[in-house]
Amino acid sequence: MTAGCPKLGWRRYSLRSLSLLPVLFAKEWRELMASRAYWLLLIFIGPLVGNGFITAVNLYAEASGIGGGAAALAQGLTPLDGILVPTWGAYDLAITLLFPFVAIRLISAEKESGAWKLALQLPANLSVTIAAKVLALIAGWLIAWLPGLIAVVLWKFYGGHLDWPETLNLLLGHWLRMLLSAGVAMAAAALAESAASAAIVTLTFTLGTWALDFMAAGRGGWMAEVAAFTPVAALRWFEQGLLRLSTALVMLAIALAGFAVAVVWLQVGQRVSTRIYRTLAVMIVIAAFIWLGSMARASRDLSENRRNSFPRADEIALRQISAPLRITINLAPEDPRLMDYERSILNKLKRLLPHLTAEYAAQSQTGLFESSGGANAERYGEIWYELAGRKVMNRSTTEPIVLEQLYELAGIQAPAKMEEPEFPGYPLAAHPKAARWVFYALWPLAACLTWWLARNDRRLTL
Amino acid sequence: MSSRSLSVAVLYQSLSVYNLLTMNLLTVNGLSKQYDARTVLQDVSFSVQQGEVLGLIGPNGAGKTTLFECLAGLAPDDGGAVSFHQQALTAARRKEALFYLPDSIAPWAAQTVRWALKFFEQLYRNRETNGATLAGELKLEHLLNAPIGSLSKGERKRLLLALGLLTPQPLLMLDEPFDGLDLRQTRDVMRLLRRHAGRGRTLMLSIHQLNDAARVCDRLVMLSEGKVVGEGTIDELRAQAGLNDGGLPQAGLEEIFLAIT
């Protein structure tokens with residue numbers, strides 16, 4: 001009998017913790033299968049995805065000239081923008097409005113029922129217990145991806161084109177978005193007394209990021225730098241076919257921060273002051289990680305039409321610039337020229353030139369009055385480039401003009417145009433055949449039937 | 001010094017010597033706990049001996065559950081020390097030495113009794129007993145496929161007892177183990193607990209029914225307003241209360257309890 005054991009440490013729980021992960025995962029999976037919130041998410045995700053997909057296919061067909069209408073320029077028809085992003089946009093909605101309740105329940109239900117008092121005494125580290133919950137959430141979310149994947153299969157079935165790198169990049173973005181949301185929801189559930197309070201905290205976080213996005217759009221500067229990592233903005237990079245290391249690292253760090261805060265606050269045997277100190281320590285470490293992560297310049301343009309890159313010849317030429325390049329932009333945040341400049345030039349340059357700094361010198365939000373009279377009026381619209389002690393000004397936001405200016409400033413000869421395959425575009429005038437049946441009838445029915453089976457046949461729940 | 005105080009002092013002195021001679025599994029020294037300005041536990045000291053059934057008794061609000069939660073590391077204490085086999089036992093490592101089964105919890109409502117028993121079996125792999133045996137001993141066989149949320153209070157209590165007995169920690173602390181059980185079930189559970197104690201498992205039970213405590217416990221710790229007001233066997237407590245001198249040598253636990261508190 002273990003009671004006869006002469007000294008403390010009769011069993012090394014910490015060593016056993018990881019080996020218990022499958023048992024704990026099976027338990028969390030069963031709890032997920034017993035969760036009404038999860039099944040409601042599964043039932044509703046089908047019609048949500050279906051609505052996005054059917055609308056997207058119809059619009060794509062219209063743009064492709066279905067029914068004898070004029071077709072748009074083929075090069076403008078990309079399945080990433082036309083089909084995948086609107087279809088998978090349903091998951092962004094589900095992640096914001098449905099998924100947090102699923103994640104919160106995995107913790108709040110145990111806190112409210114008293115099960116957490118048993119869970120804390122189980123022979124596993126708390127971090128392993130939380131890891132089991134996260135793994136169950138990931139597995140559950142991957143099942144919720146089925147309608148999205150069915151949409152992809154249907155698109156191929158209609159004869160649609162897919163570029164796998166940009167498709168997988170989009171899925172990675174949605175996966176990281178889920179992880180981030182899970183981190184926030186679990187931290188909220190650990191901090192709050194009840195599931196309802198946790199839901200309010202999570203919703204507050206979401207609204208806060210929306211407000212940040214909104215304010216950053218009008219003010220620019222450091223706020224815009226921070227807002228580039230809000231869930232919506234971070235996902236937008238992936239939707240543009242760009243895999244940015246900094247975005248992925250920051251999303252991962254915020255998710256990890258959430259899980260770590262959950263671990264700290266679920267240790268109810270610790271004093272509140274101790275938990276606050278530990279939370280601060282976690283925040284400092286994660287803030288440092290986020291800061292370092294946001295510095296990472298590595299990125300990969302995975303879009304098939306290379307929308308995030310200059311032509312290859314220009315990229316080779318621009319890489320010769322090793323000196324720090326400073327760009328001072330006298331354009332207000334809400335000025336459409338700035339948005340155009342950032343999208344078509346600045347973001348591409350940032351990917352190529354590691355020592356590039358951009359400074360926003362405009363004084364107002366819109367530039368309307370600035371350009372017509374203020375102290376800075378004469379300079380409004382100017383974009384200054386400073387390289388190795390030389391400065392040059394240009395007002396253009398057009399790619400070839402800016403590049404020519406940069407070559408001149410750097411003393412580099414403009415490259416000859418390289419022969420590279422042009423993006424052909426993929427028009428497709430297809431009807432979303434069978435999609436209504438699949439997403440509006442079959443999927444909800446299948447989800448309801450599986451729910452019923454899960455309640456009555458425990459084999460489905462491990 | 002009055003004769004009563006003297007006899008108490010002599011008793012405590014002899015108890016200290018006794019403690020040195022016997023094997024203390026768990027020793028609690030000067031444990032304190034406050035909620036805001038309210039003192040819930042004040043300088044609580046006692047010991048648990050290996051293989052005994054120790055009863056923790058006291059009126060409502062005496063601090064029994066808080067004491068259990070502090071000992072289990074589920075609530076932070078404000079001072080004091082806990083040692084296990086004379087080695088300091090930090091709050092973080094309490095779960096290696098003891099398991100605490102709270103009262104009035106309803107865990108994993110959607111899961112079945114069978115699953116809960118199997119879950120604890122898989123986690124602890126206790127060679128001394130198993131879920132099937134305990135399900136039989138606690139009359140849970142017919143409930144194996146029932147969701148825990150559908151169980152009555154007594155059924156849930158029996159399931160929780162089974163879960164507690166599936167854990168292998170040397171010390172098992174049960175908060176109100178007979179609450180919700182009928183007379184027959186209470187007797188059966190008492191026998192079961194005694195059997196486990198007979199195999200060397202140490203049990204600490206918080207009981208508000210003094211008759212139950214007297215029937216099942218080897219020794220008792222009396223808690224009143226967060227303080228230990230008595231510790232020992234019924235005879236020792238009777239002596240401590242001065243009831244032997246007061247002409248009540250056969251006084252039961254209720255009289256002792258009233259005299260001490």
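Here is a short tour of a predicted model, one selection at a time.

**Chain A as a whole.** Start by selecting chain A and colouring by secondary structure: you should find 18 helices and 6 strands. Turn the C-alpha trace along its principal axes, and the chain spans about 85 × 60 × 40 Å. Of its 462 residues, 41% count as buried. If you like contact maps, look away from the diagonal: among contacts in chain A with a separation of 6 or more, 78% join residues 24 or more positions apart.

**Where the chains meet.** Now show both chains and select the contact between them, which takes 29 residues from chain A and 38 residues from chain B. On the chain A side, the elements giving two or more residues are α2 (21–33) and α6 (115–119). Colour that side by residue class and you get 15 nonpolar, 8 polar and 6 charged residues.

**The largest nonpolar core.** Next, which residues touch the most other members of this core of 180 residues? Select A:Met186, A:Ala262, B:Ala116, B:Ala162 and B:Met173 to see them. Then add helix α13 (residues 245–265) of chain A, which gives the most to this core, with 15 residues.

**Zooming in on B:Met173.** Centre the view on B:Met173 and hide its neighbours within four places in sequence; its remaining contacts are B:Phe68, B:Leu71, B:Ala72, B:Leu98, B:Tyr100, B:Leu101 and B:Met204.

**A second core.** For the last stop, go back to chain A and pick A:Ala317, A:Ile329, A:Ile345 and A:Tyr380. These residues are included in a second, separate core of 20 residues.

How values were computed:
Residues are numbered from 1 along each chain as its sequence is written. Chains are lettered from A and ligands numbered from 1 in the order in which they are written. This is a predicted model: local features need pLDDT of at least 70, side-chain atom pairs count only at pLDDT 80 or more; totals for chains, interfaces and linings use all residues. A nonpolar core is a set of buried Ala, Val, Leu, Ile, Met, Phe, Trp, Tyr and Cys residues joined through C-beta atoms within 7 Å. A residue is buried if 20 or more other C-beta atoms lie within 10 Å of its own, exposed if 12 or fewer, and partly exposed in between; C-beta atoms are placed from the backbone. Helices (H or I, at least four residues) and strands (E, at least two) are DSSP runs, numbered from the N terminus. Two residues are in contact if their C-beta atoms, placed from the backbone, lie within 7 Å. Ala, Val, Leu, Ile, Met, Phe, Trp, Tyr, Cys and Pro count as nonpolar, Asp, Glu, Lys and Arg as charged, and the others, Gly among them, as polar.
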